[in-house]
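Let us take a friendly walk through this protein, with the model open beside the text. We will begin with pairs of charged side chains and work outwards from there.

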Amino acid sequence: QEAWGERAAKKVQHRSSRAMPPRRPNTGGGGGTSSAAPPPPPRKVPLRSLLRAASVACGVQFGWALQLSLLTPYVQELGIPHAFASLVWLCGPLSGLLVQPLVGHLSDRIAPANSPLGRRRPFIAAGAASIAFSVLTVGFSADLGRLFGDNIVPGSTRFGAIIVYLIGFWLLDVGNNATQGPCRAFLADLTENDPRRTRIANAYFSLFMALGNILGYATGAYNGWYKIFPFTITESCSVSCANLKSAFLLDIIILAITTYVSVVTVQDNPTFGSDEAAPPSSHEEEAFLFELFGSFKYFTMPVWMVLIVTSLTWIGWFPFILFDTDWMGREIYRGSPEIVADTQKYHDGVRMGSFGLMLNSVVLGITSIGMEKLCRKWGAGLVWGVSNIIMALCFVAMLIITYVAQNLDYGPSGAPPTGIVAASLIVFTILGAPLSVTYSIPYAMAASRVENLGLGQGV
């Protein structure tokens, strides 16, 4: 019993010594001991750094605006029928389904957070480089098709140019998706899962997207770029083609500047997300797709609701995004790229549609600035719901405008009435507000909810 009592006493003494906090050594002056001061909280990334990190969205969206406003009309000039023009855009959803999760997964796992290059910035730079290469391929597709023996007579189908265009176009969509995913994950890393700062960062991102849209659509609405870049006009590339080519050259310049600002002047946050970036051990490593779909079982109901509503919202947006300027050229201006006599009216409508999209982007930028105040006052969910209702009403208004335009007499000049054009521009402009919400709130809500599950911001 005495031996047992001695062992028990030693255990109690050992536990007591472990439970006591270590004493601070006496440094003189007071003669006594004092407890250690708590470490200071980690310093948050300044908002100006979030602003610089989000600036790459301007360069990416500048090219995206050119792509949306000019490429659907351009591909019909190359000879692809209007009924099949939408099939060219299948790369967007497909690359979004495969490329974004893959790149996000790699940026989460491929490098530690304290890497000199960071986890997100190499993917942002590589994506921007692929965009620059792709827009060159698309812009010079008519010239490259000429080298493959295309017939350059107006109205003929240019099979060589179409093949080059499709390769460049699909690579362009892959580059867009490969860049924007790491950009948003980069912002989520910098905000450290702070809901308010996450909303501000996504509002900055949406603001730069609006600025890129304004510049891109204004560039698409101007028809004199071939005079500034006269070398863009060739035997196989007419004035409209030369304007497209010149606009893409401007896109490369803006993309290079904004990518430099985001990648070089902003450093990754080494204190956030280190656990998710740690490479798994050999016996824990799983196939990517299995891991991706296996993560669905960890999603909570709020996460599922965000994903489902986002999916349904984009189903509504895509027809407008793909055919907005084409709708203006065909339905409002009654032009056609296939009929030589109606080509000029069609291009006038496309330029007017680009002008409407520029107004759309102005409203998008203004809405982005006030997004944080709206979410604080009404809540992010309510703002998102109201924006979707406004979007649906605007699309119904476009159906009504189309019906009215089809039953109006345009007169001998063939020009559309001012009221019809004004109504179309008003609808385009109002749609900027719900588009701003679609670009920011769903991503902020998903980022704040997924990070708590430990699934990685990139995925």
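Seven salt bridges are found in the structure, and the model they come from is a predicted one. As background, side chains of opposite charge can pair when their charged atoms come close. Three of these pairs are set out below.

| Salt bridge | Closest N and O atoms |
|---|---|
| Asp143 and Lys245 | 2.6 Å |
| Glu235 and Arg146 | 3.7 Å |
| Asp348 and Arg351 | 2.5 Å |

Take the pair of Asp143 and Lys245, joined by a salt bridge. Asp143 sits in helix 7 (residues 141-147) and Lys245 in helix 11 (residues 239-264), so this bridge ties together parts that are 102 residues apart in sequence. Are the two partners buried or exposed? Asp143 has a relative accessibility of 16% and counts as buried. Lys245 is buried too, at 1% relative accessibility.

Helix 7 also takes part in the bridge between Glu235 and Arg146. Here Arg146 belongs to helix 7, while Glu235 lies in the loop between helix 10 (225-228) and helix 11, so the pair ties together parts that are 89 residues apart in sequence. Glu235 is exposed, its relative accessible area being 65%. Its partner Arg146 is partly exposed, at 38%.

The bridge between Asp348 and Arg351 stays inside one helix: both residues belong to helix 15 (residues 343-369), three residues apart, and about one helical turn separates them. In general, an α-helix has 3.6 residues a turn, so residues three or four places apart point the same way. Asp348 is partly exposed at 27% relative accessibility, and Arg351 is partly exposed at 21%.

**The fold as a whole**

What makes up the secondary structure? The protein has 19 helices and zero strands. Of its 459 residues, 49% count as buried. If we look at contacts between residues at least 6 apart in sequence, 81% of them join residues at least 24 apart.

**The nonpolar cores**

As a rule, in soluble globular proteins, nonpolar side chains tend to be buried together. The largest nonpolar core in this model has 84 residues, and the members that touch the most others are Leu71, Tyr74, Tyr165, Trp317, Phe320, Ile332 and Leu431. Helix 3 (residues 56-77) gives the largest share of this core, with 13 residues. At least three residues of the core come from each of domain 1 (45-267 + 282-288) and domain 2 (295-458).

Leu71 is a good residue to click on. Leaving aside residues up to four places away in sequence, Leu71 touches Leu66, Trp89, Val138, Tyr165, Phe169, Leu244 and Phe248. Apart from this core lies another one, of nine residues, including Ala203, Met371, Ile441 and Met445.

Where does Ile441 sit? Ile441 is in helix 19 (residues 432-450). With a relative accessibility of 3%, Ile441 counts as buried. Its contacts, not counting residues up to four places away in sequence, are with Met371, Cys375, Ala380, Val383 and Trp384. Ile441 can also be paired with Ser206: the two are 235 residues apart in sequence, yet their C-alpha atoms are 9.6 Å apart in space.

**Helix 14 and what follows**

Helix 14 (residues 301-332) contains 32 residues. From its first C-alpha to its last, helix 14 reaches 44 Å, close to the 46 Å expected at 1.5 Å a residue. Where does helix 14 bend? The bend is at Phe323, by about 60°.

After helix 14 comes Arg334, placed in the loop between helix 14 and helix 15. Phi of Arg334 is positive, near 55°, in a residue other than glycine. For comparison, most residues other than glycine have a negative phi, and most peptide bonds are trans. Arg334 is partly exposed, at 31% relative accessibility.

Tyr333 offers one more link along the chain: its C-alpha atom is separated by 6.6 Å from that of Ala415, though their positions lie 82 residues apart in the count along the chain. Ala415 is found in the loop between helix 17 (380-406) and helix 18 (418-430). At 41% relative accessibility, Ala415 counts as partly exposed.

Note on methods: Residues are numbered from 1 along each chain as its sequence is written. This is a predicted model: local features need pLDDT of at least 70, side-chain atom pairs count only at pLDDT 80 or more; totals for chains, interfaces and linings use all residues. Side-chain values use heavy atoms; hydrogens and water are left out. Helices (H or I, at least four residues) and strands (E, at least two) are DSSP runs, numbered from the N terminus. The expected span of a helix is 1.5 Å times one less than its number of residues. The bend at a residue is the angle between axes fitted to the seven residues ending there and the seven starting there. A nonpolar core is a set of buried Ala, Val, Leu, Ile, Met, Phe, Trp, Tyr and Cys residues joined through side-chain atoms within 4.5 Å. Buried means under 20% relative accessible area, exposed over 50%, partly exposed in between (1.4 Å probe, protein chains only). Domain bounds come from an automatic or database domain assignment. Contact means heavy atoms within 4.5 Å. A salt bridge is a side-chain nitrogen of Lys or Arg within 4 Å of a carboxyl oxygen of Asp or Glu.
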